[in-house]
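Here is a short report on a protein and the DNA beside it. Look at the structure first, then read on.

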There are 2 protein chains.
Amino acid sequence: MHRPTIEDVAKAAGVGRGTVSRVLNGGPVAERTRARVEAAIAVCGYEANVHARSLASGRSDVYAAVLTEPYGEVFEDPTFGLMLQGISSALTGTEISLSLLIATNGDERERAIRHLDPARLDGVIHLTPHIEDPILAALDPTLPTILCGAIDIPRVNLWTVHADDYQGGQLGARHVLERGSRTVAILAGPKDSYSAETRVAGQRDALGSHFRSDLVASASWGGEGGTNAMAALLAHEPAIDAVLCASDRQALGVMALLQALGRRVPDDVRVVGFDDQRFAARCLPPLTTVRQPIAQIGANAAEVLHRALAGGNPESVTLPTELIVRASA
Amino acid sequence: MHRPTIEDVAKAAGVGRGTVSRVLNGGPVAERTRARVEAAIAVCGYEANVHARSLASGRSDVYAAVLTEPYGEVFEDPTFGLMLQGISSALTGTEISLSLLIATNGDERERAIRHLDPARLDGVIHLTPHIEDPILAALDPTLPTILCGAIDIPRVNLWTVHADDYQGGQLGARHVLERGSRTVAILAGPKDSYSAETRVAGQRDALGSHFRSDLVASASWGGEGGTNAMAALLAHEPAIDAVLCASDRQALGVMALLQALGRRVPDDVRVVGFDDQRFAARCLPPLTTVRQPIAQIGANAAEVLHRALAGGNPESVTLPTELIVRASA
DNA sequence: ACAAGCAGTGGGAACGCTCCCACTACGTAC
DNA sequence: GTACGTAGTGGGAGCGTTCCCACTGCTTGT
C-alpha cells in the first residue's frame with residue numbers, strides 16, 4: 001500500500017537494514033548478498049526517501065544556482081540559460097538536484113539569502129558578472145561556493161570557473177591588428193564586471209602602442225549599450241576602423257548603428273563580438289567573435305563543486321576562448 | 001555550538017516542543033506564549049531544519065519547473081527565462097524552493113523523470129509548448145501539475161495557465177484588416193504546439209472571408225523559421241501585404257527578409273509579432289505585436305499550484321493578451 | 001457545589017534513513 | 001587446540017521535526 005521503505009527491502013532480501021543501506025551507499029557487502037539486495041530493490045520498486053536520507057546524513061544533495069540581475073535582464077541574455085544548461089547536464093547521472101534562486105530585487109534577494117543555508121544545500125554556484133554582489137557578502141563561508149564571473153574573492157571553500165577573458169581580449173585585438181586596423185575602439189562591459197575589466201587588459205596588452213585609452217568606453221551588455229557607446233566614440237574619433245565588443249549583443253547594436261551611418265562592415269569598420277552566441281553566425285554580416293564555452297563553464301562549476309564536496313581539493317578553472325572568424329572582421 | 005533545534009528553543013522559552021511547533025506552523029497558541037516563543041526563536045537564531053520537517057510532515061516544500069526543449073533552444077528564447085522569473089517572484093515570501101529540471105536529451109529526461117517524484121516534490125510546473133512530451137506521460141498523476149503551454153490534458157490534479165491565444169490571434173488579424181491589408185499570411189508556430197494552433201484559429205475567425213489556408217505556414221519559433229517560411233509563402237503568393245507571426249523572433253526574421261527583398265515595412269507588408277519581447281520595441285521598425293504576459297503566466301502557475309496544495313479547488317487560468325501598436329503594422 | 005466543556009499545553013511516537021558498535025563465522029598462526 | 005584477526009552483517013540510537021492524544025486548569029451551566 002505505502003511506498004516501500006528500506007526495511008521492506010531488507011525483509012524481502014532476508015537481510016538487515018544496515019546491509020541494504022550499505023548496498024545503496026557503496027559500503028562493503030559480499031557479492032552474493034549485494035545481488036540479492038539489488039534484486040529485492042528492483043522487485044519492491046524501492047526508491048530512497050531523500051528527506052530521511054538528508055536528515056540522517058547531513059547531506060542534502062542539492063546545489064543552488066544563484067542569478068542576481070535586475071528584472072528583465074536575467075534571461076534577455078542567453079548566457080545565464082546556457083550556464084544553467086551546463087550545470088544541469090553535469091548533474092545528469094547524479095542524485096543531486098538543482099535549486100534555482102533568482103534575485104532581481106530586494107525581496108527576492110532576501111529569500112535567496114534565507115535559502116542559501118548549509119542545512120538546505122550542499123553548495124552554491126553563483127552566476128553573476130557583478131563584482132560587488134550583496135549575496136556574496138551574506139554567504140555562509142561554510143558553504144562551498146563556485147563563482148562564475150565574479151572576481152576571485154579570498155575565502156575558504158570558494159573556487160572560480162570562468163573563461164580566459166585576458167586571452168579572449170588578446171585574440172580579438174590581435175586579429176583586427178593583423179587585418180590592418182590601427183584605430184581600435186573598445187567597448188568594455190559594465191564597470192562592475194570583472195570579466196570586462198580583464199578583457200580590456202588583454203586588449204590593451206595586445207594592441208600595444210595602438211592602444212588608446214580615449215577609445216575605451218563602458219557599456220551595458222545589450223544592443224543599445226553598444227549603439228550608444230559606439231555613437232559617443234565615433235563622435236569623439238570618426239576615424240575608428242575597428243571595434244572590439246564585450247558581447248555579441250553589443251556588436252549587433254554597433255553594426256546596426258554603423259549601417260544607419262552608412263559605414264560598411266568590415267570594409268570601413270571591423271566589428272568583433274564576444275561570446276559566439278547562436279545568432280552571431282546568422283546576423284548580417286556574420287559576426288567575427290571570441291567564443292567562450294558558456295555551457296561548459298556551468299558544467300565545470302558543477303564538477304568542481306562535486307569534487308570539493310567529495311573531499312578532494314579541486315582547483316579553480318580557467319577555460320580557453322577561441323577566435324571565430326566570420327565576415328564582420 | 002551546534003545549530004539550535006526546536007528543543008533548544010522550547011527550553012529557552014520554557015515551553016514544550018509541541019508549543020514551539022505550533023507557533024511555527026500557525027496552530028492555536030495563547031498570545032502571551034506565542035510572544036515568548038517568538039522571542040526565544042529570535043534569541044537562538046533558530047531556523048527550522050527543512051529535512052526533518054519534510055520527513056515528519058510529508059510535504060517537501062519544493063516545486064519543480066520542467067523545461068523540455070532541444071539543446072540550445074531552451075534559453076535562446078527569453079520566454080522560458082521570463083516564466084522562471086515569474087515563478088520565482090511568486091515564491092518570494094513563501095518557504096517553497098524551486099527545483100529546476102532541464103531535459104534536452106534522453107539522459108536528462110530520464111533524470112527529470114526520476115526527480116519528478118511525489119516524495120521529493122509537492123508539485124510540478126511544466127513549461128513546454130509541445131503537445132506530446134514524454135515527460136507528461138511519465139508524470140505521476142498524484143503529483144499536482146500545472147501546464148504552461150501544453151494542451152489541457154484530462155487528468156486529476158492538473159491545471160493549465162496560459163495566455164489567451166485565440167484572442168491574441170484575433171487581435172493581430174483584426175488590426176491588419178483595419179489597416180487595409182487583404183492578403184494576409186500567417187506564420188504559425190511549430191506543428192506540435194497547442195498555442196500555435198489556437199492562435200491560427202483566432203486569426204482564421206477574425207479574417208473571415210479573407211482567410212486563405214494556402215497562406216498559413218508552420219515555422220519554428222526562431223528568426224530563421226520566420227525567414228524561411230516567409231520566403232516560401234512569398235514565392236507562392238507575391239501579393240502578401242501582411243503577415244501575422246507566432247513570435248517576435250519570427251517577425252525579426254521576416255523583416256530582415258523583406259528588407260533584403262526591398263519591400264518596405266509597413267508600407268508594402270505589415271508585420272505583426274507575438275509576445276512583445278523587450279527587443280520588439282527596439283528593432284527597426286519597432287514591432288507591432290500581441291503582448292502576452294509571460295512572467296505573469298509563471299507567477300500564476302505558482303499561485304494555482306499553491307492553492308491546489310492548500311486544498312483549494314483552483315481553476316485553470318487564461319490570461320488576456322494585448323495588441324501593442326508600433327510602426328511595423 | 002459539581003459536571004461538563006474547552007482553550008491551551010506537554011511530550012510520546014513516528015517519519016525513513018545513516019552511522020556505528022557489537023557480534024558472528026570463518027580462516028590463519030602458533 | 002587455542003588465540004587472534006578479519007570480512008561481513010544486524011540492529012540500536014539518533015537525526016529534528018510533526019502529529020496527536022492525554023492532561024491541566026478555567027469558565028460556564030444547572
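## The surface near the DNA

The model is predicted. Start with α4(A), which gives five residues to the surface near DNA strand C, the largest share. In all, 25 residues surround this strand. The closest are A:I6, A:R17, B:G16, B:T19 and B:T33.

What classes of residue make up this surface near DNA strand C? There are 10 nonpolar residues, 10 polar residues and five charged residues.

## Backbone and bases

Which parts of DNA strand C lie within 4 Å of the protein? Of those DNA atoms, 60% belong to sugar or phosphate. The rest belong to bases.

Some single contacts fill in the picture. In chain A, the side chain of A:S21 has an N or O atom 2.8 Å from a phosphate oxygen of DNA strand C. In chain B, a polar side-chain atom of B:T19 sits 2.6 Å from a phosphate oxygen of the strand. B:G18 reaches a base instead: a backbone N or O atom of B:G18 is 3.5 Å from a base nitrogen of DNA strand C. Now look at the elements. Those that give two or more residues to the surface near DNA strand C are α2 (17-25) and α4 (50-57) of chain A, with α2 (17-25) and α4 (50-57) of chain B.

## Where the two chains meet

Turn now to the protein chains. Chain A brings 48 residues to the contact, and chain B brings 48 residues. The area buried between them is about 4,400 Å². Carbon and sulfur atoms give 50% of that area. Which three residues supply more than any other three of the area that chain A buries against chain B? They are A:H51, A:Q85 and A:R111, which supply 15%.

## Links across the interface

Eight salt bridges run between chain A and chain B. One of them joins A:D117 to B:R3. The closest N and O atoms of this pair are 2.9 Å apart. Between the chains there are also 19 residue pairs in polar contact, both residues at pLDDT 80 or more.

Several elements of chain A face its partner. α4, α5 (78-91), β2 (97-103) and α6 (106-115) each supply at least two residues of the side of chain A that touches chain B. The largest share, eight residues, comes from α5(A). By class, this side of chain A has 17 nonpolar, 17 polar and 14 charged residues.

How values were computed: Residues numbered from 1 in each chain as written. Chains lettered and ligands numbered in written order. Predicted model: local features only at pLDDT ≥ 70, side-chain atom pairs only at ≥ 80, totals over all residues. Heavy atoms only, no water. Near = heavy atom within 4 Å. Polar contact = N/O pair within 3.5 Å; in protein donor to acceptor, adjacent residues only side chain to side chain. Helix = DSSP H or I, 4+ residues; strand = E, 2+ residues; numbered from the N terminus. Nonpolar A, V, L, I, M, F, W, Y, C, P; charged D, E, K, R; others polar. Contact = heavy atoms within 4.5 Å. Buried area = accessible area lost by both parts, 1.4 Å probe. Salt bridge = Lys/Arg side-chain N within 4 Å of Asp/Glu carboxyl O.
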